[in-house]
Amino acid sequence: MDFCLPELERSLAGEIIGHKIYYYEEIGSTNDEAYLLGRQGLPEGSVVIADEQKAGKGRLARSWHSPPKANIYTSILLRPNFAPAAAPRLTIMAGLAVAETLKIFCPEIIQLKWPNDILIGRKKVCGILAQMQAEAGKIDFIVLGIGINVNMSDNDLPPDIEKSATSLMMLTGAALSRGEILINLYKNLSKWYKKLIDGGFEEIRQKWTQGAMLIGGEVQINYHKEIIRGIAQGIDEDGALLVKPAEGKEIRVMAGDASIIKENKNAAGN
Ligand code: BT5
């Protein structure tokens, strides 16, 4: 493997995230495993890493393609003292930390797509899956699952994602060290998570918005059978997307799949 567990453990000792690592050569889904750890009462910042997932999960029962030893598959256990309605902040925070990490390894413009995608050159390089356990109006724990396509090649892509997915190796032409990326990822996550729980979501929101591709453009959000269409105005203090339809009041969207109908040509990227 292109990471060495003892070295990861040494580099991450004392960090909020990654101080305890559960590594698996092969697993169903790192999110399922981290969820079990959450139910067993393990402390926040424990992480699960796998070299391969046999049943990697996306949102809404979709699957995450997880070939062996090519990519990063990790899930992080967190216990923020938030109300469940503020949970989307975690996905926003994680997107920012991933974008900051990828910037070190890939010179291309990295775009954040609400709620949970990270794209380079319009292709998906990372997906985030947050799963929450809440009780009595309080978050018990959140599992933040992150899949980053690192050394996957064209040949590894199944037909359904061959046009929509990419990897850092496909973009840079060079194989990268997953260990180095993981260390940077957990350090960036620790930094932004600390800021988030110290009440600093506003700074995260602003930085995220700078790298976001939807804001200012015309979007369509599909959520179950509902379709919302309008101009994406930004995200609010909980991480929900604010959409202004052609008629009527601004709508606050908590979850769903966003697609761009007409881009804001002035969007900055990062
Ligand atoms: C996501 O869902 O993007 C969340 C993906 C989270 C994956 C991580 S890996 C570690 C942890 N353990 C897990 O079991 N999951 C998390 P969603 O927005 O629903 O997007 C899923 C869609 O992305 C699929 O339906 C495909 O179209 C596409 N897709 C699947 N695998 C992909 C890949 N490796 N790269 C890019 N796109 C992919």
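Helices, in this text, are DSSP runs of H or I with at least four residues, numbered from the N terminus. The structure is a predicted model.

**Exercise 1.** State which helix holds R89, and decide whether R89 is buried or exposed.

*Solution.*
Step 1. R89 lies in helix α3, which covers residues 88–105.
Step 2. The cut-off for buried is under 20% relative accessible area.
Step 3. R89 has a relative accessibility of 18%, so R89 counts as buried.
Step 4. As for contacts, the R89 side chain comes to 2.9 Å from the backbone oxygen of E237.

**Exercise 2.** Find which residues come nearest to the ligand, and give distances for polar contacts with ligand oxygen atoms.

*Solution.*
Step 1. There are 27 residues around the ligand, and S29, K57, R62, K124 and N149 come nearest.
Step 2. In the side chain of S29, an N or O atom is 2.7 Å from an oxygen atom of the ligand.
Step 3. K57 uses a polar backbone atom, 2.7 Å from a ligand oxygen.
Step 4. For R59, a polar backbone atom is 2.9 Å from an oxygen atom of the ligand.
Step 5. The ligand taken alone exposes 800 Å², and the protein buries 92% of that.

**Exercise 3.** Describe the shell around the ligand by element and by residue class.

*Solution.*
Step 1. The ligand takes up the space of the largest pocket.
Step 2. At least two shell residues come from each of α2 (30–39), β3 (72–78), β6 (123–135) and β7 (138–148).
Step 3. β6 gives the largest share, 4 residues.
Step 4. By class, the shell has 7 nonpolar, 15 polar and 5 charged residues.

How values were computed. Residues are numbered from 1 along each chain as its sequence is written. This is a predicted model: local features need pLDDT of at least 70, side-chain atom pairs count only at pLDDT 80 or more; totals for chains, interfaces and linings use all residues. Side-chain values use heavy atoms; hydrogens and water are left out. A residue is near a molecule or strand if one of its heavy atoms lies within 4 Å of it. A polar contact is a pair of N or O atoms within 3.5 Å; within protein, one must be able to donate a hydrogen and the other to accept it, and residues adjacent in sequence count only if both atoms are side-chain atoms. Accessible areas come from the Shrake-Rupley method with a 1.4 Å probe; for residues, only the protein chains shown count as cover. On a 1 Å grid over the protein atoms alone, a cavity is a set of points where a 1.4 Å probe fits but cannot get out, and a pocket is an open set with protein on both sides within 12 Å along at least five of seven lines; lining residues have an atom within 4 Å of a point. A molecule sits in a cavity or pocket if more than half of its atoms lie within 2 Å of its grid points. Ala, Val, Leu, Ile, Met, Phe, Trp, Tyr, Cys and Pro count as nonpolar, Asp, Glu, Lys and Arg as charged, and the others, Gly among them, as polar. Buried means under 20% relative accessible area, exposed over 50%, partly exposed in between (1.4 Å probe, protein chains only).
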